Protein chains: 2
Amino acid sequence: MDCIFCAIVEGSIPGDMVYEDDDVVAFKDINPKAPVHVLIVPRRHVRSVNELTEEDAGLIGHICLVARRLAHELGVAQSGYRIVSNNGPDGGQEVDHLHVHLLGGRQMRALG
Amino acid sequence: MDCIFCAIVEGSIPGDMVYEDDDVVAFKDINPKAPVHVLIVPRRHVRSVNELTEEDAGLIGHICLVARRLAHELGVAQSGYRIVSNNGPDGGQEVDHLHVHLLGGRQMRALG
(Lines give C-alpha, C1' and ligand atoms only; values in the text may rest on other atoms or scores of the structure.)
Protein backbone atom coordinates (compact mmCIF):
# COMPACT_ATOMS: atom_id res chain seq x y z
CA MET A 1 0.00 0.00 0.00
CA ASP A 2 1.43 3.29 -1.08
CA CYS A 3 -1.43 5.57 -0.03
CA ILE A 4 -0.57 8.96 1.43
CA PHE A 5 -3.89 9.19 3.30
CA CYS A 6 -3.36 5.75 4.86
CA ALA A 7 0.05 7.02 5.98
CA ILE A 8 -1.54 10.10 7.56
CA VAL A 9 -4.19 7.91 9.24
CA GLU A 10 -1.43 5.67 10.64
CA GLY A 11 0.70 8.66 11.67
CA SER A 12 3.74 7.73 9.59
CA ILE A 13 3.26 10.98 7.67
CA PRO A 14 2.20 13.96 9.81
CA GLY A 15 -1.07 15.71 9.06
CA ASP A 16 -2.35 18.99 10.50
CA MET A 17 -5.17 17.19 12.31
CA VAL A 18 -8.39 18.95 13.30
CA TYR A 19 -10.47 15.90 14.29
CA GLU A 20 -10.07 12.19 14.96
CA ASP A 21 -12.36 9.38 16.05
CA ASP A 22 -12.52 5.60 15.61
CA ASP A 23 -13.76 5.81 12.03
CA VAL A 24 -12.47 9.02 10.46
CA VAL A 25 -9.72 11.62 10.66
CA ALA A 26 -9.80 15.22 9.43
CA PHE A 27 -6.82 17.39 8.59
CA LYS A 28 -6.07 20.65 6.82
CA ASP A 29 -5.47 20.42 3.08
CA ILE A 30 -1.76 20.96 2.42
CA ASN A 31 -2.65 23.15 -0.59
CA PRO A 32 -5.73 25.02 0.65
CA LYS A 33 -8.16 26.45 -1.89
CA ALA A 34 -10.07 28.54 0.68
CA PRO A 35 -9.45 29.99 4.20
CA VAL A 36 -11.08 26.84 5.59
CA HIS A 37 -10.12 23.72 3.63
CA VAL A 38 -10.22 20.46 5.54
CA LEU A 39 -10.23 16.87 4.29
CA ILE A 40 -12.35 14.27 6.09
CA VAL A 41 -11.06 10.76 5.46
CA PRO A 42 -12.26 7.33 6.61
CA ARG A 43 -9.52 5.35 8.38
CA ARG A 44 -10.37 2.34 6.24
CA HIS A 45 -8.93 2.49 2.72
CA VAL A 46 -11.84 2.89 0.31
CA ARG A 47 -10.87 4.04 -3.17
CA SER A 48 -13.89 6.18 -4.06
CA VAL A 49 -17.67 6.46 -3.78
CA ASN A 50 -17.86 3.77 -6.51
CA GLU A 51 -16.63 1.17 -4.01
CA LEU A 52 -19.09 2.00 -1.24
CA THR A 53 -21.81 -0.51 -0.41
CA GLU A 54 -25.15 -0.24 1.38
CA GLU A 55 -23.34 -1.22 4.57
CA ASP A 56 -21.29 1.97 4.33
CA ALA A 57 -24.32 4.29 4.54
CA GLY A 58 -23.64 4.97 8.23
CA LEU A 59 -19.98 5.75 7.55
CA ILE A 60 -20.83 8.24 4.81
CA GLY A 61 -23.44 9.87 7.01
CA HIS A 62 -20.89 10.09 9.80
CA ILE A 63 -18.38 11.79 7.49
CA CYS A 64 -21.00 14.39 6.58
CA LEU A 65 -21.90 14.97 10.24
CA VAL A 66 -18.21 15.46 11.04
CA ALA A 67 -18.13 18.06 8.23
CA ARG A 68 -21.11 19.78 9.88
CA ARG A 69 -19.38 19.72 13.26
CA LEU A 70 -16.12 21.10 11.83
CA ALA A 71 -18.01 23.86 9.99
CA HIS A 72 -19.23 24.97 13.42
CA GLU A 73 -15.87 24.59 15.13
CA LEU A 74 -14.01 26.40 12.35
CA GLY A 75 -16.50 29.27 12.36
CA VAL A 76 -18.13 28.90 8.94
CA ALA A 77 -21.46 27.26 9.85
CA GLN A 78 -23.39 30.53 9.52
CA SER A 79 -21.35 32.18 6.75
CA GLY A 80 -21.66 29.01 4.69
CA TYR A 81 -19.56 26.20 3.30
CA ARG A 82 -19.27 23.63 0.54
CA ILE A 83 -18.82 19.87 0.94
CA VAL A 84 -17.27 18.13 -2.09
CA SER A 85 -16.40 14.56 -3.02
CA ASN A 86 -14.37 14.11 -6.21
CA ASN A 87 -14.44 10.67 -7.78
CA GLY A 88 -12.37 9.43 -10.69
CA PRO A 89 -10.62 11.35 -13.50
CA ASP A 90 -13.38 13.80 -14.49
CA GLY A 91 -14.11 14.44 -10.82
CA GLY A 92 -10.56 15.60 -10.30
CA GLN A 93 -9.82 13.02 -7.59
CA GLU A 94 -6.13 13.40 -6.71
CA VAL A 95 -5.69 10.72 -4.04
CA ASP A 96 -7.27 7.28 -4.46
CA HIS A 97 -8.54 7.11 -0.89
CA LEU A 98 -12.08 8.39 -0.38
CA HIS A 99 -12.07 11.93 1.06
CA VAL A 100 -14.52 14.75 1.49
CA HIS A 101 -13.48 18.41 1.17
CA LEU A 102 -14.95 20.99 3.54
CA LEU A 103 -14.44 24.49 2.10
CA GLY A 104 -15.43 27.82 3.62
CA GLY A 105 -14.34 31.31 4.61
CA ARG A 106 -14.99 32.89 1.23
CA GLN A 107 -17.75 32.96 -1.39
CA MET A 108 -17.70 29.74 -3.40
CA ARG A 109 -17.82 30.16 -7.16
CA ALA A 110 -18.74 27.69 -9.92
CA LEU A 111 -19.71 24.13 -9.02
CA GLY A 112 -16.82 22.69 -10.96
CA MET B 1 -44.24 26.58 2.87
CA ASP B 2 -42.99 28.16 -0.28
CA CYS B 3 -40.24 25.71 -1.18
CA ILE B 4 -39.75 24.82 -4.84
CA PHE B 5 -38.11 21.48 -3.98
CA CYS B 6 -41.03 20.51 -1.70
CA ALA B 7 -43.31 21.33 -4.66
CA ILE B 8 -41.28 19.07 -6.94
CA VAL B 9 -41.31 16.30 -4.30
CA GLU B 10 -45.11 16.64 -4.04
CA GLY B 11 -45.53 16.79 -7.82
CA SER B 12 -47.22 20.20 -7.90
CA ILE B 13 -44.28 21.48 -9.96
CA PRO B 14 -42.92 19.02 -12.54
CA GLY B 15 -39.32 17.88 -12.32
CA ASP B 16 -37.34 15.88 -14.87
CA MET B 17 -37.12 12.92 -12.51
CA VAL B 18 -34.36 10.33 -12.78
CA TYR B 19 -34.94 8.48 -9.48
CA GLU B 20 -37.50 8.22 -6.68
CA ASP B 21 -37.86 6.18 -3.53
CA ASP B 22 -39.55 6.57 -0.14
CA ASP B 23 -36.90 8.94 1.19
CA VAL B 24 -35.40 10.86 -1.72
CA VAL B 25 -36.07 12.07 -5.25
CA ALA B 26 -33.55 12.97 -7.94
CA PHE B 27 -34.13 15.19 -10.95
CA LYS B 28 -32.11 16.99 -13.62
CA ASP B 29 -30.94 20.49 -12.72
CA ILE B 30 -32.99 22.99 -14.73
CA ASN B 31 -29.81 25.01 -15.40
CA PRO B 32 -27.21 22.28 -15.88
CA LYS B 33 -23.54 23.12 -15.31
CA ALA B 34 -22.27 19.85 -16.86
CA PRO B 35 -23.56 17.17 -19.29
CA VAL B 36 -24.71 15.21 -16.21
CA HIS B 37 -26.14 17.47 -13.51
CA VAL B 38 -28.67 15.89 -11.19
CA LEU B 39 -29.99 17.04 -7.82
CA ILE B 40 -30.69 14.48 -5.11
CA VAL B 41 -33.16 15.80 -2.56
CA PRO B 42 -34.66 14.28 0.61
CA ARG B 43 -38.47 14.28 0.57
CA ARG B 44 -38.45 15.75 4.07
CA HIS B 45 -37.79 19.48 4.17
CA VAL B 46 -34.39 19.97 5.81
CA ARG B 47 -32.87 23.41 5.29
CA SER B 48 -29.18 22.48 5.09
CA VAL B 49 -26.48 20.26 6.53
CA ASN B 50 -26.51 22.54 9.61
CA GLU B 51 -29.90 21.15 10.58
CA LEU B 52 -28.99 17.48 10.30
CA THR B 53 -28.76 15.40 13.48
CA GLU B 54 -27.06 12.11 14.33
CA GLU B 55 -30.36 10.40 13.50
CA ASP B 56 -30.01 11.58 9.91
CA ALA B 57 -26.73 9.74 9.29
CA GLY B 58 -28.55 6.95 7.44
CA LEU B 59 -30.43 9.44 5.27
CA ILE B 60 -27.24 11.25 4.25
CA GLY B 61 -25.55 7.96 3.51
CA HIS B 62 -28.53 6.93 1.43
CA ILE B 63 -28.36 10.17 -0.58
CA CYS B 64 -24.70 9.48 -1.34
CA LEU B 65 -25.43 5.88 -2.36
CA VAL B 66 -28.17 7.15 -4.69
CA ALA B 67 -25.56 9.49 -6.20
CA ARG B 68 -23.28 6.49 -6.71
CA ARG B 69 -26.12 4.52 -8.34
CA LEU B 70 -27.04 7.42 -10.63
CA ALA B 71 -23.40 7.90 -11.63
CA HIS B 72 -23.51 4.31 -12.90
CA GLU B 73 -26.90 4.66 -14.58
CA LEU B 74 -25.98 7.94 -16.25
CA GLY B 75 -22.70 6.53 -17.55
CA VAL B 76 -20.15 8.58 -15.58
CA ALA B 77 -19.07 6.09 -12.90
CA GLN B 78 -15.82 5.27 -14.69
CA SER B 79 -15.11 8.64 -16.31
CA GLY B 80 -15.62 10.30 -12.95
CA TYR B 81 -17.96 12.69 -11.17
CA ARG B 82 -18.24 15.25 -8.41
CA ILE B 83 -20.74 15.25 -5.53
CA VAL B 84 -21.37 18.70 -3.99
CA SER B 85 -23.44 20.05 -1.12
CA ASN B 86 -23.65 23.84 -0.86
CA ASN B 87 -24.68 25.24 2.50
CA GLY B 88 -25.49 28.84 3.35
CA PRO B 89 -24.42 32.09 1.64
CA ASP B 90 -20.71 31.40 1.10
CA GLY B 91 -21.54 27.87 -0.06
CA GLY B 92 -23.70 29.28 -2.84
CA GLN B 93 -26.83 27.45 -1.67
CA GLU B 94 -29.66 28.65 -3.93
CA VAL B 95 -32.64 26.70 -2.55
CA ASP B 96 -33.12 26.31 1.20
CA HIS B 97 -33.97 22.61 1.00
CA LEU B 98 -30.99 20.28 1.42
CA HIS B 99 -29.80 18.95 -1.94
CA VAL B 100 -26.76 17.22 -3.32
CA HIS B 101 -25.42 17.93 -6.82
CA LEU B 102 -24.09 15.07 -8.95
CA LEU B 103 -21.95 16.45 -11.78
CA GLY B 104 -20.19 14.54 -14.55
CA GLY B 105 -19.59 14.18 -18.26
CA ARG B 106 -16.73 16.66 -18.42
CA GLN B 107 -13.52 17.42 -16.53
CA MET B 108 -14.32 19.25 -13.31
CA ARG B 109 -12.28 22.37 -12.62
CA ALA B 110 -11.67 24.31 -9.40
CA LEU B 111 -13.28 23.11 -6.17
CA GLY B 112 -15.20 26.32 -5.77
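How much area does chain A expose, and what share of it do carbon and sulfur atoms supply? Chain A exposes about 5,200 Å², and 49% of that comes from carbon and sulfur atoms. Keep in mind as you look around that this is a predicted model.

Let's start with the building blocks. Chain A contains 3 helices and 5 strands. If you walk along chain A from the N terminus, you meet its elements in the order α-β-β-β-α-β-α-β. So what does the overall form look like? Along the principal axes, the C-alpha atoms of chain A fill a box of roughly 35 × 30 × 25 Å. There's a handy check here: a compact globule of 112 residues would have a radius of gyration near 13 Å, and because chain A has 13 Å, the two agree.

Now for the inside. Of the 112 residues in chain A, 57% count as buried. You can also ask which parts of the chain touch each other. Take the contacts in chain A between residues at least 6 apart in sequence: 54% of these join residues at least 24 apart.

Charges come next. Chain A carries 10 positive side chains and 16 negative ones. If you find the centre of each set, the two centres lie 10 Å apart.

What about the cysteines? A disulfide is a covalent bond between the sulfur atoms of two cysteines. A search of the whole structure, over all chains, turns up 0 disulfides. Why doesn't Cys6(A) form such a bond with Cys3(A)? The closest cysteine sulfur to that of Cys6(A) is in Cys3(A), 3.8 Å away, and that is too far for a bond, because a disulfide needs the sulfur atoms within 2.5 Å. Cys6(A) has a relative accessibility of 9%, so this residue counts as buried.

Chain B tells its own version of the story. The sulfur of Cys6(B) has its closest cysteine sulfur in Cys3(B), and at 3.8 Å that is too far for a bond. Cys6(B) is buried, with a relative accessible area of 9%.

Finally, head for a loop. Pro14(A) sits between helix H1 (4–10) and strand S1 (17–20) of chain A. Is Pro14(A) buried or exposed? With a relative accessible area of 74%, Pro14(A) is exposed, because the cut-off for exposed is over 50%. You can also pair Pro14(A) with Phe27(A): they are 13 residues apart in sequence, and their C-alpha atoms are 9.7 Å apart in space.

How values were computed: Residues are numbered from 1 along each chain as its sequence is written. Chains are lettered from A and ligands numbered from 1 in the order in which they are written. This is a predicted model: local features need pLDDT of at least 70, side-chain atom pairs count only at pLDDT 80 or more; totals for chains, interfaces and linings use all residues. Side-chain values use heavy atoms; hydrogens and water are left out. Helices (H or I, at least four residues) and strands (E, at least two) are DSSP runs, numbered from the N terminus. The radius of gyration is taken over C-alpha atoms; the globule rule is 2.2 Å times the number of residues to the power 0.38. Buried means under 20% relative accessible area, exposed over 50%, partly exposed in between (1.4 Å probe, protein chains only). Contact means heavy atoms within 4.5 Å. Accessible areas come from the Shrake-Rupley method with a 1.4 Å probe; for residues, only the protein chains shown count as cover. Lys and Arg count as positive and Asp and Glu as negative; His and the chain ends are not counted. The place of a charge is taken as NZ of Lys, CZ of Arg, CG of Asp or CD of Glu.
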